[in-house]
Amino acid sequence: MVERVHPHDSLSVSEEHAVVAPKPPPTPPFEKPVPPPGTYVIQIPKDIIHRVPPKENARRYEEYTRKKNRRNRCCCFSWFIGLLFILVVLLGIAAGVFYLVVRPEAPNYSIENINIRGINITSPSSTAAISPEFDVTVKANNPNNKIGIGYEKDSSAEIFYKDVKLCNGVLPAFYQPSNNVTVFKTVLKSNRIKMGSEDQRALVTAQSKREVLLIVKLRAPVRIKVGSVKTWKITVKVDCDLTVDTLIGNAKIGSKNCNFKFDLW
């Protein structure tokens, strides 16, 4: 009995050697892009209407900003006061340590001798001009153990009778070490001074009483030296009130009172 062969039960030679094409990979589902870290994506519906914020919000923001600026200013001022207080305390401590270590003492000055020439007023009615010349001897005492004093140029020395300047000059420049007494002489001169009648009368009367009051003013820029450290220029001011018995020759000093002070700036 012959079996029936169906066409689908047997393959032709061409069908057996045919190459089957691979199926394409399935399409992945759509994925939304992932934003980088720290980024926020806000979706706003299209039907929302953006409006200008009310004026009340602007006023509140302005008040907040003003209060914040005021707080910042107060904070900065508080920091400044605190730093200034700390600086003052540190300077006070440094000054206290300096005083305990150095033990500074004020120098003292005195007029030791005066020789006078060129004043020839014997009558209140005299109209002749005078040309005084004073040789003044000054003693400077530095009692400090660790402080030296350097006297520099641009000094001045003047002698007055009441408000009349009789003569002027300069002081010598020198360095005075610690625990030292220095005596120096300076010459003060002036040319053709005319005194008023009242001043002449008072001067003649004072000479007759052998008590002529003179005022000596000394000004000297100095630098204080402690060890190898020198300060800035400090002005020494010495004012001496003294009486002399005559205005001719070597005058005898009757009484004297000298005041001393520093100008730091």
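Start by selecting Trp265, which is exposed at a relative accessible area of 83% (buried means under 20% relative accessible area, exposed over 50%, and partly exposed in between, with a 1.4 Å probe and protein chains only). Trp265 sits in the segment after β12 (253-263), where helices (H or I, at least four residues) and strands (E, at least two) are DSSP runs numbered from the N terminus. Add Thr235 to the selection: its C-alpha atom is separated by 7.7 Å from that of Trp265, although the two residues are 30 apart along the chain.

What you are viewing is a predicted model, in which local features need pLDDT of at least 70 and side-chain atom pairs count only at pLDDT 80 or more, while totals for chains, interfaces and linings use all residues. Residues are numbered from 1 along each chain as its sequence is written, and side-chain values use heavy atoms, with hydrogens and water left out.

Next, display the whole protein as a cartoon, which shows 3 helices and 12 strands. Of its 265 residues, 25% count as buried.

Now colour strands β8 (residues 212-226) and β10 (residues 234-244), which run antiparallel and are joined by 11 bridges; two strands pair if DSSP finds at least two bridges between them. Within this pairing, Leu214 stands opposite Leu242 in β10. Then add β12, which runs antiparallel to β10 and is joined to it by 9 bridges, and pick out Lys237, whose bridge partner in β12 is Lys261.

Stay with these strands and show the cysteines as sticks. Which two residues form a disulfide? Cys240 and Cys258 do, with their sulfur atoms 2.0 Å apart, a disulfide being a pair of cysteine sulfur atoms within 2.5 Å. Because Cys240 lies in strand β10 and Cys258 in strand β12, the pair ties together parts that are 18 residues apart in sequence. The link is right-handed, with 115° about the S-S bond, and a search of the whole structure finds 1 disulfide. Cys240 counts as buried at 1% relative accessibility, whereas Cys258 is partly exposed at 24%.

Turn next to the charged side chains, where the count comes to 9 salt bridges, each a side-chain nitrogen of Lys or Arg within 4 Å of a carboxyl oxygen of Asp or Glu. Select Lys256 and Glu112, whose closest N and O atoms are 3.8 Å apart; Lys256 lies in strand β12 and Glu112 in strand β1 (residues 108-117), so this pair ties together parts that are 144 residues apart in sequence. Move on to Lys233 and Glu152, which meet in a salt bridge of 3.6 Å, N to O. Lys233 is in the loop between β9 (229-230) and β10, and Glu152 is in the loop between β3 (147-151) and β4 (156-161), 81 residues apart.

Finally, select Trp79, Leu83, Phe85, Ile86, Val89, Leu90, Ile93, Val97, Tyr99, Leu100 and Val101, which form a nonpolar patch on the surface with about 1200 Å² of accessible area together. Such patches are made of residues with over 30% relative accessible area and no salt bridge, with like charges joined within 9 Å and nonpolar side chains (Val, Leu, Ile, Met, Phe, Trp, Tyr) within 5 Å; the areas come from the Shrake-Rupley method with a 1.4 Å probe, and for residues only the protein chains shown count as cover. One of the patch residues, Val97, lies in helix α2 (residues 55-102) and is partly exposed, with a relative accessible area of 46%.
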